[in-house]
Structures are given as C-alpha cells and as structure tokens.
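Visitor: Could you take me through one part of this protein, step by step? I am in my first year, so please explain the terms as you go.

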Amino acid sequence: MYPILNEHIVQIRELEISESRKLILQRLVDFISLKRKEEKHINLNFICTHNSRRSHLCQIWAQTAAAYYNIKEVYSYSGGTEATAMYTAIRETLMMQGFNFSQISDGSNPVYAIKTDESASPIWAFSKKYDHPINPKSSYAAIMTCSHADDNCPIVSGAEERIPVTYLDPKAYDDSPLQMEKYMEKSIE
C-alpha cells in the first residue's frame, strides 16, 4: 500500500463500529464468509442511484480492504440505477487518503484507474448502470448503498443476495464550506 493510504487504514482500524451498524453489515460478512469457505469468487456490486459518490467509495474501499487483509478472489464493482459521473469530491477525497488516480478517458463521464500500490492491479471506476457489461451478470451480492436505490430497485437481476448497507449522501454538503470534511467522513465510514 502507498504509505499515506496505509496510514489512513491504520487510523480507520482504530475506530469503533456501533453495534447497530455491525448488525447491518452482518449479511455482507456472512456472504463473504460463505464464498471464502466454498473457495469461490467474491463478487460485490455496490449500487446507488447515480453511481457518483457512495457506490464508488464502497467499491474502492472494499477492494482495498481485501488487498490489505489479503483476502483473495474479491472483485468489487459499482453501478447505479442510472449513469452520471464520479463526483470530483470523491476523487479528491480518495487522493488525499493516498489513492493514486490516473484518468484514462475524458468527457462527461471519465474513466479512472485507481491504484493502492505501484504493483497492484488498478480498480476501474466510472459511472455506469449496475448491469453494465463490466459488472458481473450472476453470482454476486448487490449491496444497496443508498435508500433511494434500495427502495426503487427491489429486484437486481443475477444477484445471489441483495443486501442493504445504506449511507447518508454527502451530496447535501456539495459547494459548502463543509464539503471536503463531510466527504472525508463518508469515505472513512
């Protein structure tokens, strides 16, 4: 891991997770544990309405945690019920936490290759629908990261499990003096 990223992970590991949040996360823990026990790929597709903020944070941090803890065969994806673009504050926040971003394409929905280490395979990030061809078609957990997508997307084709693990949207702080502080809090969460 890049040194700054490693420092952030060490700090995050020291934080307490509330008992109520542990209960919410348990279904995801159970899915991952079962796949590990069965020695199968662990495909995680984090889904939010616009695939612009929370689903990207979850995808990137899930893949990073798997690498940090040396959990093999984890493949994290993200998607939305519609495609927009990764919000710039997400990229800025993750860069401050030590991730390396390379912009692969221009336009209104750029593609990024994100690395946790020089020798690591990149995490590909761009806004897309949850059923985009780059995402798994079957044998995956659909993790609903926002209540809107959770409420409005009751069936996720091909998902083995549909697991709500929702987060409040940092979008409420866009263009405010608290924007970067709140995005950092959400990234740590």
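Guide: Happily! Let us begin at the surface: Ile104, Trp124 and Ile134 form a nonpolar patch there, with about 280 Å² of accessible area together. Patch members have over 30% relative accessible area and no salt bridge, and nonpolar side chains (Val, Leu, Ile, Met, Phe, Trp, Tyr) are joined within 5 Å. A salt bridge puts a side-chain nitrogen of Lys or Arg within 4 Å of a carboxyl oxygen of Asp or Glu, and areas come from the Shrake-Rupley method with a 1.4 Å probe. Bear in mind that this is a predicted model, where local features need pLDDT of at least 70 and side-chain atom pairs count only at pLDDT 80 or more, while totals for chains, interfaces and linings use all residues. Residues are numbered from 1 along each chain as its sequence is written, and side-chain values use heavy atoms, without hydrogens and water.

Ile104 is partly exposed, at 48% relative accessible area; that label covers values between buried (under 20%) and exposed (over 50%). Ile104 belongs to the loop between S3 and S4. Strands are DSSP runs (E, at least two residues), numbered from the N terminus. S3 and S4 (residues 112-115) pair in the antiparallel sense over four bridges; pairing takes at least two DSSP bridges. Within it, Gln103 stands opposite Tyr112 in S4.

Now for the whole sheet: three strands form an open, antiparallel one in the order S3-S4-S5. S3 (100-103) and S5 (123-125) stand at the edges with a single partner strand each, so one side of each has no neighbour in the sheet.

Technical notes
Patches are made of residues with over 30% relative accessible area and no salt bridge: like charges are joined within 9 Å, nonpolar side chains (Val, Leu, Ile, Met, Phe, Trp, Tyr) within 5 Å. Buried means under 20% relative accessible area, exposed over 50%, partly exposed in between (1.4 Å probe, protein chains only).
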